[in-house]
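Trainee: Could you take me through one part of this model in detail? I'd like to hear about the salt bridges, and then how they sit alongside the sheet and the nonpolar core.

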Amino acid sequence: MGGTFDPIHHGHLVAASEVAHHFDLDEVVFVPTGQPWQKAEKTVSAPEDRYLMTVIATASNPRFSVSRVDIDRPGPTYTIDTLRDVGAAYGPGVELYFITGADALAQILSWRDVEELFTIAHFVGCTRPGHTLQDPGLPDGKVSLIEIPALSISSSECRERVADGQPIWYLVPDGIVQYINKRGLYQDGNH
Ligand code: ATP
Ligand code: MG
């Protein structure tokens with residue numbers, strides 16, 4: 001599951017858990033992006049902060065892990081590189097699923113090397129509140145759409161709430177509230 005995770009929240013974790021259950025996956029690897037090319041205009045928190053929050057949020061689940069491939073690779077993050085690097089780390093024979101939100105899935109055809117993407121991984125698009133799923137004209141059998149119990153949580157809203165002094169308890173894991181406070185993230189409202 002790729003994402004900016006700025007910060008990781010319970011929407012991400014529920015989506016990962018639901019997809020893992022649905023497809024009987026052995027593991028969900030969370031991959032925080034390096035510099036997300038879709039978000040180049042915006043200020044994104046330091047990769048190391050986003051990586052550590054992802055580790056904190058997933059630490060208690062034995063089936064969740066975190067990969068540094070995207071934050072350690074210089075330059076903007078492209079999903080094709082993420083899939084190649086994660087695939088290489090697990091060796092031949094690994095069956096890859098790329099979990100993404102419905103909003104991101106809608107942009108999928110604009111991604112680089114889209115044909116090759118579908119040969120490397122099965123794509124899973126999660127519904128999220130406010131995004132209706134439409135068939136974006138993707139190849140048959142390469143993409144599954146999964147309904148996730150509605151969780152109207154986004155990282156942007158969490159950042160805005162922190163900047164406004166509103167609580168984010170229960171939108172994100174407790175350790176993430178504490179990490180954000182400790183590091184003083186999102187206080188300036190520049191997000
Ligand atoms: P932002 O508000 O900054 O765009 P975000 O909440 O969308 O952040 P990302 O890190 O961009 O978080 O999301 C990573 C992936 O998780 C994306 O594919 C996104 O669509 C999906 N996702 C985010 N929030 C939810 C949610 N509440 N339910 C299901 N999927 C989600
Ligand atoms: Mg998003």
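Mentor: What follows is a walk through the salt bridges, then the sheet, then the core. Keep in mind that this is a predicted model.

Let's start with the charged pairs. The structure holds 8 salt bridges, and a few of them deserve a close look. Take R183 and D49: they form a salt bridge whose closest N and O atoms are 2.8 Å apart. This pair links distant parts of the chain, with R183 in helix α8 (residues 174-183) and D49 in helix α2 (residues 47-58), 134 residues apart. The two ends sit in unlike surroundings. R183 counts as partly exposed, at 43% relative accessibility, whereas D49 is buried, with a relative accessible area of 5%. The cut-off for buried is under 20%, so D49 falls on the buried side of the line.

Now go to R68. It forms a salt bridge with D72, and here the closest N and O atoms are 3.1 Å apart. R68 is partly exposed, with a relative accessible area of 28%. This pair has company, too: E48, R68 and D72 are linked in a network of salt bridges.

Another pair to click on is R73 with D85, where the closest N and O atoms are 2.8 Å apart. R73 lies in the loop between α3 (69-72) and β5 (76-77), while D85 belongs to helix α4 (residues 79-90), so this salt bridge ties together parts that are 12 residues apart in sequence. Here the arginine is the buried partner: R73 has 17% relative accessibility and counts as buried, while D85, at 30%, is partly exposed.

On to the sheet. You'll find an open sheet of 3 strands in the order β1-β2-β4, with parallel pairing. At its edges stand β1 (2-3) and β4 (64-66); each has a single partner strand, so one side of each is left without a neighbour in the sheet. As a reminder, strands of a sheet pair through backbone hydrogen bonds, either parallel or antiparallel. β1 pairs with strand β2 (residues 28-32) in the parallel sense over 2 bridges. If you want a spot to zoom in on, G2 stands opposite V31 in β2.

Follow the chain on from β2 and you come to T33, in the loop between β2 and β3 (35-36). T33 is buried, with a relative accessible area of 11%. Leaving aside neighbours within four places in sequence, T33 is in contact with G3, T4, R50, D70, I71 and T77.

That leaves the nonpolar core. In soluble globular proteins, nonpolar side chains tend to be buried together. The largest nonpolar core in this model has 31 residues, and those with the most contacts inside it are M1, I8, V28, F30, M53 and I180. The elements giving two or more residues to this core are α1 (10-23), β2, α2, β7 (121-126), α7 (155-163) and α8. The biggest giver is α1, with 6 residues. Apart from this core lies another, of 15 residues, among them L83, A121, F123 and V143.

M1 is a good residue to finish on. Not counting residues up to four places away in sequence, M1 touches H12, A15, A16, V28, V29, F30, V31 and I99. And to bring the charged and nonpolar parts together: α2 and α8, which give residues to the largest core, are also the helices that hold D49 and R183.

How values were computed. Residues are numbered from 1 along each chain as its sequence is written. Chains are lettered from A and ligands numbered from 1 in the order in which they are written. This is a predicted model: local features need pLDDT of at least 70, side-chain atom pairs count only at pLDDT 80 or more; totals for chains, interfaces and linings use all residues. Side-chain values use heavy atoms; hydrogens and water are left out. A salt bridge is a side-chain nitrogen of Lys or Arg within 4 Å of a carboxyl oxygen of Asp or Glu. Helices (H or I, at least four residues) and strands (E, at least two) are DSSP runs, numbered from the N terminus. Buried means under 20% relative accessible area, exposed over 50%, partly exposed in between (1.4 Å probe, protein chains only). Two strands pair if DSSP finds at least two bridges between them. A nonpolar core is a set of buried Ala, Val, Leu, Ile, Met, Phe, Trp, Tyr and Cys residues joined through side-chain atoms within 4.5 Å. Contact means heavy atoms within 4.5 Å.
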